[in-house]
There are 2 protein chains.
Amino acid sequence: MSCATTLKEKGFKLTPQRRLILDIIHDSGGHLTAEEILDNVQAKVTGVNKSTVYRTMELLEELGCVFKSELGDRFIYHHAEEGHHHHLVCRTCGKSIDCEEDIFLPVKRAVNENYSFRADFKHVVISGLCANCRGKS
Amino acid sequence: MSCATTLKEKGFKLTPQRRLILDIIHDSGGHLTAEEILDNVQAKVTGVNKSTVYRTMELLEELGCVFKSELGDRFIYHHAEEGHHHHLVCRTCGKSIDCEEDIFLPVKRAVNENYSFRADFKHVVISGLCANCRGKS
DNA sequence: TTTCATGCAAATGATTTGCATAGTC
DNA sequence: GACTATGCAAATCATTTGCATGAAA
């Protein structure tokens, strides 16, 4: 079911601003910060306010249309349609590689057995060094 | 080598404020936010400024005396003497459990093999549900 | 025409910074 | 005495909020 449909079903309105934002996160493929979303929106139409972007992202997160995770000192969003995955972000060049969801299965098992802790591991941002930057240093 | 010694060796001064902050992060065992450090400092002496705390923590991080990691929308610090470990933080009660460093070894191997990515995994904050809160819900 | 959404501007809250003064070595 | 560290207040910067207006159903 599309995000637009979800919005309407729950009694929220499908405004032009929300359409735009939905398009952008859908097309981006990867993840975006609120500021990047705002920039992309404003590249298409002027006059859209940052509050609208933040409020829309909050709503979309509540509806399960996007996922929010932390990257450094800010938050990033990505479309739920892409499914669950993680991000390998290079600390040198900043490039982000999508990483399959199951990579944390051994860790989930281990913390469950050793600490009785049910770890979430949803859309984790993993910092490190990509192959390219590894070669250069 | 103690943090105090490291400070002096690198030409930095061992002021009363820095002594206090070092004591607090040493005694705390776990991790602390800058604000918590400030509160603890001010419980002992009045007149210490938050800038001093932030600047001291920045310095101690550069010297390798403390580690900084992100927890939600803020940063936490802990003493390097405790060695590397991770944090299991319950999303319901907020309790933090220290978790052994090697828990991420399988993931490090996997992302290295599959993505040629060298993951850091230093002082990761793992969100989830602790045994206690799991029972209640 | 009712309710929800937007734009604007101002508030928030953690962290940072400029600068004059005070303290350490 | 030289140079670093501190306190204070003000600046940043991402994010949030109050409120009057505007638009979707």
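## Close-up views of a predicted protein–DNA model

**View 1. A sheet shared by two chains.** Four strands line up as an open sheet in the order E5(A)-E4(A)-E7(A)-E6(B), with mixed pairing. Strand E5 (96-100) of chain A and strand E6 (118-119) of chain B stand at the edges with a single partner strand each, so one side of each has no neighbour in the sheet. Please keep in mind throughout that this is a predicted model.

**View 2. Where chain B joins the sheet.** Look for strand E7 (residues 125-129) of chain A, which pairs with E6(B) in the antiparallel sense over two bridges. Here A:Leu129 sits opposite B:Arg118 of E6(B). Helix H5 (residues 105-115) of chain B packs on this sheet, where it touches strand E4 (85-90) and E5 of chain A as well as E6 of chain B. The direction of H5 makes about 115° with that of E5(A).

**View 3. Two helices crossing in chain B.** Helix H2 (residues 16-28) and helix H3 (residues 34-44) of chain B have axes that come within 10 Å and cross at roughly 115°. The crossing of H2(B) and H3(B) is right-handed. From H2(B), the residues B:Leu20, B:Ile21, B:Ile24 and B:Ile25 meet B:Ile37, B:Asn40, B:Val41 and B:Lys44 of H3(B). By class, this contact of H2(B) with H3(B) has six nonpolar residues, one polar and one charged.

**View 4. The protein surface near DNA strand C.** There are 22 residues around DNA strand C, and A:Lys13, A:Arg18, A:Thr52, B:Tyr54 and B:Arg74 come nearest. Among the atoms of DNA strand C within 4 Å of the protein, 67% belong to sugar or phosphate, and the rest belong to bases. Zoom in on A:Thr52 to find a polar side-chain atom 2.5 Å from a phosphate oxygen of DNA strand C. At A:Gly47, a polar backbone atom is 3.0 Å from a phosphate oxygen of DNA strand C. B:Arg55 offers a contact with a base: an N or O atom in its side chain is 3.3 Å from a base oxygen of DNA strand C. Elements giving two or more residues to this surface include helix H2 (16-28) and helix H4 (50-62) of chain A. H4(B) gives the most to the surface near DNA strand C, with four residues. The residues of this surface divide into seven nonpolar, seven polar and eight charged.

**View 5. The protein surface near DNA strand D.** Of the 22 residues around DNA strand D, the nearest are A:Tyr54, A:Arg74, B:Thr15, B:Arg18 and B:Thr52. Sugar and phosphate make up 68% of the atoms of DNA strand D that come within 4 Å of the protein. A:Arg74 places a polar side-chain atom 2.6 Å from a phosphate oxygen of DNA strand D, and a polar backbone atom of A:Phe75 is 3.2 Å from a phosphate oxygen of that strand. On chain B, a polar backbone atom of B:Gly47 is 3.0 Å from a phosphate oxygen of DNA strand D. H4(A) supplies the largest share of this surface, four residues. The surface near DNA strand D has seven nonpolar, seven polar and eight charged residues.

**View 6. Chain A on its own.** Chain A holds six helices and seven strands. From the N terminus on, its elements follow the order α-α-β-α-α-β-β-β-β-α-β-β-α. The C-alpha trace of chain A spans about 45 × 40 × 25 Å along its principal axes.

Technical notes
Residues are numbered from 1 along each chain as its sequence is written. Chains are lettered from A and ligands numbered from 1 in the order in which they are written. This is a predicted model: local features need pLDDT of at least 70, side-chain atom pairs count only at pLDDT 80 or more; totals for chains, interfaces and linings use all residues. Side-chain values use heavy atoms; hydrogens and water are left out. Two strands pair if DSSP finds at least two bridges between them. Contact means heavy atoms within 4.5 Å. Axes are lines fitted to C-alpha atoms, for helices over the stretch in contact, and angles run from 0 to 180 degrees between N-to-C directions. A crossing is left-handed if the near helix is turned anticlockwise from the far one by less than a right angle, and right-handed if clockwise. Ala, Val, Leu, Ile, Met, Phe, Trp, Tyr, Cys and Pro count as nonpolar, Asp, Glu, Lys and Arg as charged, and the others, Gly among them, as polar. A residue is near a molecule or strand if one of its heavy atoms lies within 4 Å of it. A polar contact is a pair of N or O atoms within 3.5 Å; within protein, one must be able to donate a hydrogen and the other to accept it, and residues adjacent in sequence count only if both atoms are side-chain atoms.
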